[in-house]
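Hi,

Here is the structure I said I would pass on. Have a look at it first, and then read my notes underneath.

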Amino acid sequence: MPFANFKVPEKTLTPKQKEEIVTRTTELYVEIYGERARANTMVLVEEVADGGWGISGDVLTLAMLGEATPTDTSED
């Protein structure tokens, strides 16, 4: 079963953006493995709490990166 796991900072994607990640990732696997992959492809979008991730040994936060959260996090 194809599996993709995306870890993103929490509250940085709208539900519509998460849906697009799932849809486009599934389509990529279908493109590579053929239509048989569609029914078995699992895509997981995990939101990591602010400050719960880092790079090069440094903890990163959205404030440090100057990132803004999406203004529309409601379901479409």
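Below is what turned up, grouped by the kind of interaction. Please keep in mind that this is a predicted model.

**Salt bridges**

The count comes to 5 salt bridges. One of them joins the side chains of E46 and K7, with 2.8 Å from N to O. That pair links distant parts of the chain: K7 sits in strand β1 (residues 3-9) and E46 in strand β2 (residues 42-48), and they are 39 residues apart. As for how open the two partners are, K7 is exposed, with a relative accessible area of 57%, while E46 is partly exposed at 27%.

Another salt bridge runs between E27 and R38, whose closest N and O atoms are 2.5 Å apart. E27 belongs to helix α1 and R38 to the loop between α1 and β2, so this pair ties together parts that are 11 residues apart in sequence. Both ends have some access to the outside: E27 is partly exposed at 36% relative accessible area, and R38 is partly exposed at 33%.

R38 has a further partner in E35, and the side chains of E35 and R38 meet in a salt bridge at 2.4 Å, N to O. Put together, E27, E35 and R38 are linked in a network of salt bridges.

**The aromatic pair**

Which two residues form an aromatic pair? The structure holds 1 such pair, and the residues are Y29 and Y33, with their rings stacked at 6.1 Å centre to centre and 25° between the planes. The angle counts as stacked because it falls under the cut-off of 30 degrees. Both tyrosines lie in helix α1, 4 residues apart, which is about one turn of the helix.

Is Y29 buried or exposed? Y29 is buried, as its relative accessible area is 19%, and the limit for that label is under 20%. Y33 is partly exposed, with a relative accessible area of 41%.

**A buried threonine in the helix**

Helix α1 (residues 15-33) is also where you will find T25. T25 is buried, at a relative accessible area of 11%. If you set aside its neighbours within four places in sequence, T25 is in contact with A4, F6 and V43.

**A nonpolar patch on the surface**

On the surface, M1, F3, M42 and L44 form a nonpolar patch, and together they have about 420 Å² of accessible area. Of these residues, L44 lies in strand β2. L44 is partly exposed, with a relative accessible area of 35%, so L44 is above the 30% that a patch residue needs.

**Around L60**

The last stop is L60, in strand β4 (residues 58-60). L60 counts as buried, at 14% relative accessibility. Which residues does L60 touch, leaving aside its neighbours within four places in sequence? The contacts are with D50, G51, W53, G54 and I55. For one of these, D50, there is also a backbone distance: L60 and D50 are 10 residues apart in sequence and 7.8 Å apart in space, C-alpha to C-alpha.

If you want to pull up a few selections in your viewer, I would begin with the network of E27, E35 and R38, then the stacked pair of Y29 and Y33, and then the patch of M1, F3, M42 and L44.

Cheers

Methods
Residues are numbered from 1 along each chain as its sequence is written. This is a predicted model: local features need pLDDT of at least 70, side-chain atom pairs count only at pLDDT 80 or more; totals for chains, interfaces and linings use all residues. Side-chain values use heavy atoms; hydrogens and water are left out. Helices (H or I, at least four residues) and strands (E, at least two) are DSSP runs, numbered from the N terminus. Buried means under 20% relative accessible area, exposed over 50%, partly exposed in between (1.4 Å probe, protein chains only). Contact means heavy atoms within 4.5 Å. A salt bridge is a side-chain nitrogen of Lys or Arg within 4 Å of a carboxyl oxygen of Asp or Glu. Patches are made of residues with over 30% relative accessible area and no salt bridge: like charges are joined within 9 Å, nonpolar side chains (Val, Leu, Ile, Met, Phe, Trp, Tyr) within 5 Å. Accessible areas come from the Shrake-Rupley method with a 1.4 Å probe; for residues, only the protein chains shown count as cover. Rings of Phe, Tyr and Trp (its six-membered ring) pair if their centres lie within 6.5 Å; planes under 30 degrees apart count as stacked, over 60 as edge-to-face and the rest as tilted.
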